Amino acid sequence: MHVEEKLTPETFPAEPEKATLEGKNKFLGFWFFLGGETVLFASLFATFLALRDSVANGPTAQELFKMPIVFLATMLLLTSSLTSVYAMHHMRNFDFKKMQLWLGITVLLGAGFLALEIYEFTEYVHEGFKFSTSAFSSSFYTLVGTHGGHVAFGLLWILTLMVRNAKRGLNLYNAPKFYVASLYWHFIDVVWVFIFTVVYLMGMVG
Amino acid sequence: MKKWLRNWRLVSLVSAMALLLAGCGKPFLSTLQPAGEVADMQYKLMLLSTAIMVIVIAVVTIIFLYVVTRFRRRKGEENKIPKQVEGSHTLEIIWTVIPIILLIILAVPTVLYTFKLADVKPMNKKERDVVVVNVRANLYWWEFEYPDYGIITSQDLVVPTGERVYFNLKASDVKHSFWIPAVGGKMDTNTDNTNQFFLTFDDKRAEEAGRLFYGKCAELCGPSHALMDFKVKALPRGEFDQWVEKMKNAKPVASTDPVVKQGEEIFNKSCIGCHAVTPVDGRPEQARLAPNLGNFADRERIAGILEHNEENLKAWLKDPEKIKPGNKMTGTYPALSDEELEALTKYLMTLSVQ
Amino acid sequence: MSTLARKKGVGAVIWDYLTTVDHKKIAILYLIAGGIFFLLGGLEAMIIRIQLAVPNNDFISAGFYNEVLTMHGTTMIFLAAMPLVFAMMNAVVPIQIGARDVAFPFLNALGFWLFFFGGVFLNLSWFLGGAPDAGWTSYASLSLASPTHGIDFYVLGLQISGFGTLIGGINFLVTIINMRAPGMTYMRMPMFTWATFVTSALILFAFPPLTVGLIFMMMDRLFGGNFFDPALGGNTIIWEHLFWIFGHPEVYILVLPAFGIFSEIFATFSRKRLFGYSSMVFATVLIGFLGFMVWAHHMFTVGMGPIANAIFAVATMAIAVPTGIKIFNWLFTMWGGSIRFTTPMMYAVAFIPSFVIGGVTGVMNATAAADYQYHDSYFVVAHFHYVIVGGVVFALLAGAHYWWPKMFGKMLDEKLGKVTFWLFFIGFHLTFFIQHFLGLMGMPRRVFTFLPGQGFETGNMISTIGAFFMAAGTIVLLANVVITTVKGKRVGNDPWEDGRTLEWAVSSPAPEYNFAQTPLVRGLDAYWIEKMEGKKGLTPAEPLGDIHMPNPSILPFVISLGLFVAAFGFLFHNDHAWGTPVGVVGLLITLGAMFFRSIIDDHGFHIHKEEVMEAEKKGAGA
């Protein structure tokens, strides 16, 4: 099937992201990339676990964490994962407008998460929990910050895709791009679930 | 008859290897001339693994030589197409199973010795009756503290022979590694934690090695890593106890020699901030910034590497950077005139516990 | 759009290589860049050996020695061996599986440029205050104490080139899974392709821990982090673990492709199918798997305790089994064959005893209790040079001679090739064999000098003499390359005459599109099968038609350049006011280029059927 071909809901394949060789490559390659990312985060988690009690003279997790904010942020991100599933559902049904709409909601929720995280970080810094305060602080900001960086990159990526393709609609050239971006978004979400558990919940328990 | 032949071959092979290995190196430095329980265990493992490996190499070499001579393409064979063999399950099983057996033979003593060498229980008992030395590695010198005797020495480690000597190992600046090759393997001195292990110095073999073993830093630690040597005096228990007593009771002797007196003044002005002059030093380790000089005159080497004489001491005091690049003493005291060098040297050479 | 068979000026050629996404040209880029870094690393090795020729030598200073030593290791592993392995993979693997290109041609180019700029960045440290000086392992306490910017160059340079390697790994994984020609099942893939596949998987899982370690060190050195500062709760052992979780698989990342190269060469020049192919595949996968379980055997003396030491000791020994399987399979590939001693085959044959020595000393190192003696002594130096030089460098030299005609269309001179081989082979054993004994006699590694009277004099002198033999061999090789390039004759598809795999079925060098018609693969050693049935070419799997090709692009170069600029800025951000702005500008260049890549549609172009037919006619006549 040729990538630039104009398609209708009838001719649009069931799995548009894997309909072309390029799409298949992108799909598989991105899964491998996520495999590498998993190892990356695993290393960050391991280090965090090794250093989380090394607070030096700085605050401990219990003294610091603002659970209401974190909980709200978690809800936003989890919901955004769900909305991106809707978007992909509409993509497969060749409903471009609805896909864009749900992607838009995903981006808004993601932006909300990011804003809350930035707010959370500034609060911590004001309370004397700087990056250079202790080994715990360094590993906390690096782990959570790396995730936050991924969220920011994901937002820019999805936005770029939405704007670039706003007038063109769906085809087999851009369908894999949308699909892979949503895959990335799910991955970020899964990582956050672990951060919420390992960093925040376990941190509050002590 | 055949069995006899095979045994004889094995024995001769092992002894030939032993001979080859034993001929190597200096008795005060070489791992191939072990001088204590720990080095002995490690040497046994070396011999065992070498013997197994030589068997492997021999088998491969024989097949290898046969193949490359027998099956080379000769004149007139340009168009010969050999039979395309897929493989052989029997052969493949053989060369999977035999190595596994060989490795098990090696793995069992490896695990056994690894646990044996990690047995440091006696040093952590409340009422301990063993010799314990706290080793602190620094850029580029070693401090040896005997916590049970309350004495400290540097650069020259003194140990009793014929018994296990236990060590607490750590570093004060960057990571180093504590290694006395002839007496046993190394252990890292980390900046994060204290490591523990033991060594045994065999009396007879210490005697043969001149009662002086060479110690080395085995972890890259900066420009003078190569020069971070120390010496180990292995004494019979009686002599060791005497040494400890002398160290405990050592007091600076007031000298009447005006040159020595001048040297002492210089020392008290420029050096005493970092160097202590009595082996009993109650300050915390953070305050002990430089080698303890309590028994300086009894040392084996200047700066751990140069022959112990006044000339080398002067050279060291004059420009330590030239002798140990990157050391922490350079530039911490004002330049010394020849006369001051002479005085300081004379003074330092009076610091003895003998 | 087609650029086939057109004469070009120098500028156009340079532009062509800056923008190319063709795996064969990227292979040449990797070969040239990796070759230059190999010479640089070799020069550093010579400085080391000259300094250590006699006791108390003052050829170079202690501080400079540590820089040379660090850069020798770092350059040889990351900037010479890795890219040269990638050169072989790029040159051969797509053709071996019957593909027209790799899965991600654009990312392939990006991978190269990232490696290249990372390597250049690292080496600029020589001119900007001093090179890194904490060893290629850069253990945290020493590297944090290092006063110059050297370690910062190391940290940032390796991050950039590491990304490139990671991208390359993903690319080959997808290529091998998705791009195989019809009939090329997994169990018909040539061994080198298999090795590339497993190696790529190792890269994917081994490089992220290194990246994380480097990020920590960057944070500590440049941005006030405390990961490795015990005073604030940090722990330097974390660096050691992260480094070796990467570092040990890295050994297999290098040596598995070497095994792959030798597997091809043994089969070709014995004129015999690889003995025990399926067990070879199994052994390769098993080595790759076990490679991740053994990292802590580099840390036996750290004080992990006897339980961890014993477990890692036994796990390490286990790797000897699949490696042994391979050695015997190679021997029995030659058994009953018709062996032709070409230059590549000389390296392959010499590799067996050399690598066996490296392998058995590896098992010796694995015996934890005895390793307390070997660790950080010259015994270890000897061991890993037997593995890396006797395994990897021999393989790269063999592969270069073997595939040179396929890459450049000309054969390297066989006589000079054999001269190189003998010089290198003799020099190698002379240099490194004696070092086993130096280590056992108590000589620690990474020493800038040694004192007289410790029994180290003779051994070190012999070792230095050996190094000069290797240097001479390398010079002959360079001369060979120049002579061949100037005077060599063009060769046909199968210049060794015994080629078995698909790359020997296409012209030398292969056309831009590799295969005019995608071939149908009918078994292992696809080309050999066709030859044995008396056919000249491959059985096509498709009719002749237009061929779709990707467009060249300068963006990979720009993306990498941006990171290069950014690294400069951030490296100096504590010293100069311009640091941070320059860093941000660099990142903007990179992100901007990525943005353009994202919004510009790139559908590639087509080479028309007629052009293909014309090109094929020319190729057949050459």
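Visitor: How many residues does each chain give to the contact between chain A and chain C?

Guide: In this predicted model, chain A gives 32 residues to the contact and chain C gives 32 residues as well.

Visitor: Which helices of chain A supply at least two residues each to the side that touches chain C?

Guide: They are helix H1 (21-51) and helix H5 (135-164) of chain A, and H1(A) provides the largest share of that side, with 16 residues. By residue kind, the side of chain A that touches chain C divides into 16 nonpolar, 13 polar and three charged residues.

Visitor: Which residues have the most contacts inside the largest nonpolar core?

Guide: In soluble globular proteins, nonpolar side chains tend to be buried together. Here the largest nonpolar core has 379 residues, and those with the most contacts inside it are Tyr30(C), Leu84(C), Phe262(C), Ala398(C) and Ala567(C). Because domain 1 (120-239) and domain 2 (256-348) of chain B both give residues to this core, it lies between them. If we leave aside neighbours within four places in sequence, Leu84(C) is in contact with Tyr30(C), Leu31(C), Gly34(C), Phe38(C) and Leu396(C).

Visitor: What span should helix H11 of chain C have, and how far apart are its end C-alpha atoms?

Guide: An α-helix has 3.6 residues a turn, so residues three or four places apart point the same way. At 1.5 Å a residue, the 15 residues of helix H11 (residues 320-334) of chain C should span 21 Å, and the end C-alpha atoms are 22 Å apart, which agrees.

Visitor: Is H11(C) mostly covered or exposed, and which residue just after H11(C) takes a positive phi?

Guide: H11(C) is mostly covered, with 15 of its 15 residues buried, and just after this helix Gly336(C) takes a positive phi of about 80 degrees.

Definitions and conventions: Residues numbered from 1 in each chain as written. Chains lettered and ligands numbered in written order. Predicted model: local features only at pLDDT ≥ 70, side-chain atom pairs only at ≥ 80, totals over all residues. Core = buried A, V, L, I, M, F, W, Y, C linked by C-beta atoms within 7 Å. Buried ≥ 20, exposed ≤ 12 C-beta atoms within 10 Å, placed from the backbone. Domains from an automatic or database assignment. Contact = placed C-beta atoms within 7 Å. Helix = DSSP H or I, 4+ residues; strand = E, 2+ residues; numbered from the N terminus. Expected span 1.5 Å × (residues − 1). Nonpolar A, V, L, I, M, F, W, Y, C, P; charged D, E, K, R; others polar.
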